[in-house]
Amino acid sequence: MADKSITKTELVASIASATGQSQSVVSGVLDSLFSTVSEAVAKGSKVSIPGWIAFEQVATAARTGRNPQTGAEIKIPAGKRVKVTAGSKLKAAVK
């Protein structure tokens, strides 16, 4: 497991360096990407970048859980969550 995560600032700097664009332009593009993905997934659309990553909204069923402190049963309502799937190119890059 990696002991260092990359921050958005470091990601922006790396992309700016690789592309020759300014950091403000790259930051704006990343912000727009995250905003567009968020809006699309919130509407129920699947967003996929073939070979790299896919985001989709999935429904969760109502279920019974337990309070870890008291052990008491609690009802967890049905809801929605985001499923993120790694594509083949991303998986290959990790190997």
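## A pairing to start from

Ala59 stands opposite Lys80 in strand E5. Strands (E, at least two residues) and helices (H or I, at least four) are DSSP runs, numbered from the N terminus, and two strands pair if DSSP finds at least two bridges between them. The model you are looking at is predicted, so local features need pLDDT of at least 70 and side-chain atom pairs count only at pLDDT 80 or more, while totals for chains, interfaces and linings use all residues. Residues are numbered from 1 along each chain as its sequence is written, and side-chain values use heavy atoms, with hydrogens and water left out.

## The three-stranded sheet

Let's follow the sheet strand by strand. Its order is E1-E2-E5, three strands in an open, antiparallel arrangement. E1 and strand E5 (79–86) are the edge strands, each with a single partner, so one side of each has no neighbour in the sheet. From one strand to the next, the twist averages 25 degrees. As general background, strands of a sheet pair through backbone hydrogen bonds, either parallel or antiparallel.

E2 and E5 run antiparallel and are joined by eight bridges. Along this pairing, Ala54 faces Thr85 of E5. On the other side of the sheet order, E1 pairs with E2 over three bridges, again in the antiparallel sense, and here Val47 stands opposite Phe55 in E2. The hairpin of E1 and E2 has three residues between the strands, and Gly51 takes a positive phi near 85 degrees in it.

## Val84 within strand E5

Val84 belongs to strand E5. Leaving aside residues up to four places away in sequence, Val84 touches Ile53, Ala54 and Phe55, where contact means heavy atoms within 4.5 Å. Between Val84 and Glu56 there are 6.7 Å, C-alpha to C-alpha, although the two are 28 residues apart in sequence.

## A helix on the sheet

Which strands does helix H2 touch? Helix H2 (residues 23–42) packs on the sheet and touches E1, E2 and E5. The direction of H2 makes about 35 degrees with that of E2; for such angles, axes are lines fitted to C-alpha atoms (for helices over the stretch in contact), and values run from 0 to 180 degrees between N-to-C directions.

## A second hairpin

Strand E3 (residues 63–66) and strand E4 (residues 73–76) run antiparallel, with four bridges joining them. In this pair, Thr64 stands opposite Lys75 in E4. Six residues lie between the strands of the E3 and E4 hairpin, where Gly71 takes a positive phi near 80 degrees.

## Salt bridges

A salt bridge here is a side-chain nitrogen of Lys or Arg within 4 Å of a carboxyl oxygen of Asp or Glu. How many are there by this rule? The count comes to three salt bridges. To place them, note that buried means under 20% relative accessible area, exposed over 50%, and partly exposed in between (1.4 Å probe, protein chains only).

Asp31 pairs with Lys8, their closest N and O atoms being 2.3 Å apart. Asp31 lies in helix H2 and Lys8 in helix H1 (residues 8–19), so this salt bridge ties together parts that are 23 residues apart in sequence. Asp31 is partly exposed at 39% relative accessible area, and Lys8 is partly exposed at 36%. Glu10 forms a salt bridge with Lys4, with 3.1 Å between the closest N and O atoms; Glu10 is partly exposed at 34%, whereas Lys4 counts as exposed at 56%. Arg66 and Glu73 also meet through their side chains (3.4 Å, N to O), with Arg66 exposed at 55% and Glu73 exposed at 56%.

## A nonpolar surface patch

Ile49, Trp52, Leu90 and Val94 make a nonpolar surface patch of about 370 Å². Patches are made of residues with over 30% relative accessible area and no salt bridge; like charges are joined within 9 Å, and nonpolar side chains (Val, Leu, Ile, Met, Phe, Trp, Tyr) within 5 Å. The areas come from the Shrake-Rupley method with a 1.4 Å probe, and for residues only the protein chains shown count as cover.

Trp52 sits in the loop between strand E1 (47–49) and strand E2 (53–60) and is partly exposed at 40%. Leu90 is part of helix H3 (residues 88–94) and is also partly exposed, at 31%. Not counting residues up to four places away in sequence, Leu90 touches Gly51 and Trp52. The C-alpha atoms of Leu90 and Trp52 are separated by 5.2 Å, with their positions 38 residues apart along the chain.
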